[in-house]
Amino acid sequence: MSATGSDLPFGIDFGGTGIKGAPVDLERGELTGERARIDTPRPSTPTAVAEVFAELLERFPDSQGPVGVTVPGVVVKGVVSSAANIDKHWIGEDADRLFTDRTGRDVHVVNDADAAGLAEVRYGAAKGRRGLVIVTTLGTGIGSALVYDGVLVPNSELGHLEIDGHDAEKRAATSARVREDLSWDDWAKRLTTYYSKLEQLFSPELFVVGGGISKKADQFVPLIEIETEILPARLRNAAGIVGAALYATENND
Ligand code: BGC
């Protein structure tokens, strides 16, 4: 039975500049309407962010189902244990409990790339694909989701592989392209190094390239020289919200 009206799940995408949320239709893997956006507070401590979540949820009184939240860090049983690109107060925070207590809703936190990976495998570029799919998100950092036969292996953190003595995301994320003003060609060379390493370690069936930059996939994905099939993400900026709502619904007890 599909969720309608009051039992609709809600997804929240917690990013470095904006916090976005919307109710999600899980039959279709789509937002049910316009998403709302609030600037990420500075500093983005867990308690400051919890206030924003409460405000976002108040804007959608019709959506009373489980709430999924993406976090750009490792999440084990609702507790955040890394914070490469976010406020360090997140480390050790029981985010499920904090957000559930603040909002009075059933909140489940999930790594941002894992959420995007779930959404792409269920509804997007990797829909129906068996075997190992690796979904990567290119942004401030590099996020990764390992999904095998549709089942997520969480917290893979492949953006932090050490390649040629460097943390991979420092060389190949979108932020590195911007910081170093790299041409598409030069960035694609770095991405070739990165995906070749993943290919060598995991022999996946398919790579999916997500993150905001995936809307410009035509400019760089064809320049990545690897053997494995590599496709741009399809859900674009809805992947985090949809994946978070899916995760919350499937992990709701
Ligand atoms: C973090 C990951 C996150 C990725 C994308 C990395 O720096 O360690 O947890 O998924 O950035 O936001």
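Ala, Val, Leu, Ile, Met, Phe, Trp, Tyr, Cys and Pro count here as nonpolar, Asp, Glu, Lys and Arg as charged, and the others, Gly among them, as polar. The model shown in every view is predicted.

**View A. The shell around the ligand.** Eleven names need no searching: Pro72, Gly73, Ala84, Asn85, Asn111, Asp112, Ile142, Gly143, Glu157, His160 and Glu169 surround the ligand. By class, this shell holds 3 nonpolar, 5 polar and 3 charged residues.

**View B. The ligand between two domains.** Domain 1 spans 5-112 and domain 2 spans 125-234. Both give residues to the shell, so the ligand lies between them.

**View C. Polar atoms at the ligand.** An N or O atom in the side chain of glutamate 157 is 2.5 Å from a ligand oxygen atom. For the side chain of asparagine 111, the distance from such an atom to an oxygen atom of the ligand is 3.0 Å. Glycine 73 takes part through its backbone: an N or O atom there lies 3.3 Å from an oxygen atom of the ligand. On its own the ligand has 320 Å² of accessible area, and the protein covers 94% of it.

**View D. Arginine 130 and its partners.** Arginine 130 sits in the loop between helix 3 (112-123) and strand 9 (132-138). Its relative accessible area is 58%, so arginine 130 is exposed. Beyond its neighbours within four places in sequence, arginine 130 contacts Asp149 and Glu205. Aspartate 149 is 19 residues away in sequence, yet the C-alpha atoms of the two are 4.5 Å apart. Their side chains make a polar contact at 3.2 Å.

Key
Residues are numbered from 1 along each chain as its sequence is written. This is a predicted model: local features need pLDDT of at least 70, side-chain atom pairs count only at pLDDT 80 or more; totals for chains, interfaces and linings use all residues. Side-chain values use heavy atoms; hydrogens and water are left out. A residue is near a molecule or strand if one of its heavy atoms lies within 4 Å of it. A polar contact is a pair of N or O atoms within 3.5 Å; within protein, one must be able to donate a hydrogen and the other to accept it, and residues adjacent in sequence count only if both atoms are side-chain atoms. Accessible areas come from the Shrake-Rupley method with a 1.4 Å probe; for residues, only the protein chains shown count as cover. Domain bounds come from an automatic or database domain assignment. Helices (H or I, at least four residues) and strands (E, at least two) are DSSP runs, numbered from the N terminus. Buried means under 20% relative accessible area, exposed over 50%, partly exposed in between (1.4 Å probe, protein chains only). Contact means heavy atoms within 4.5 Å.
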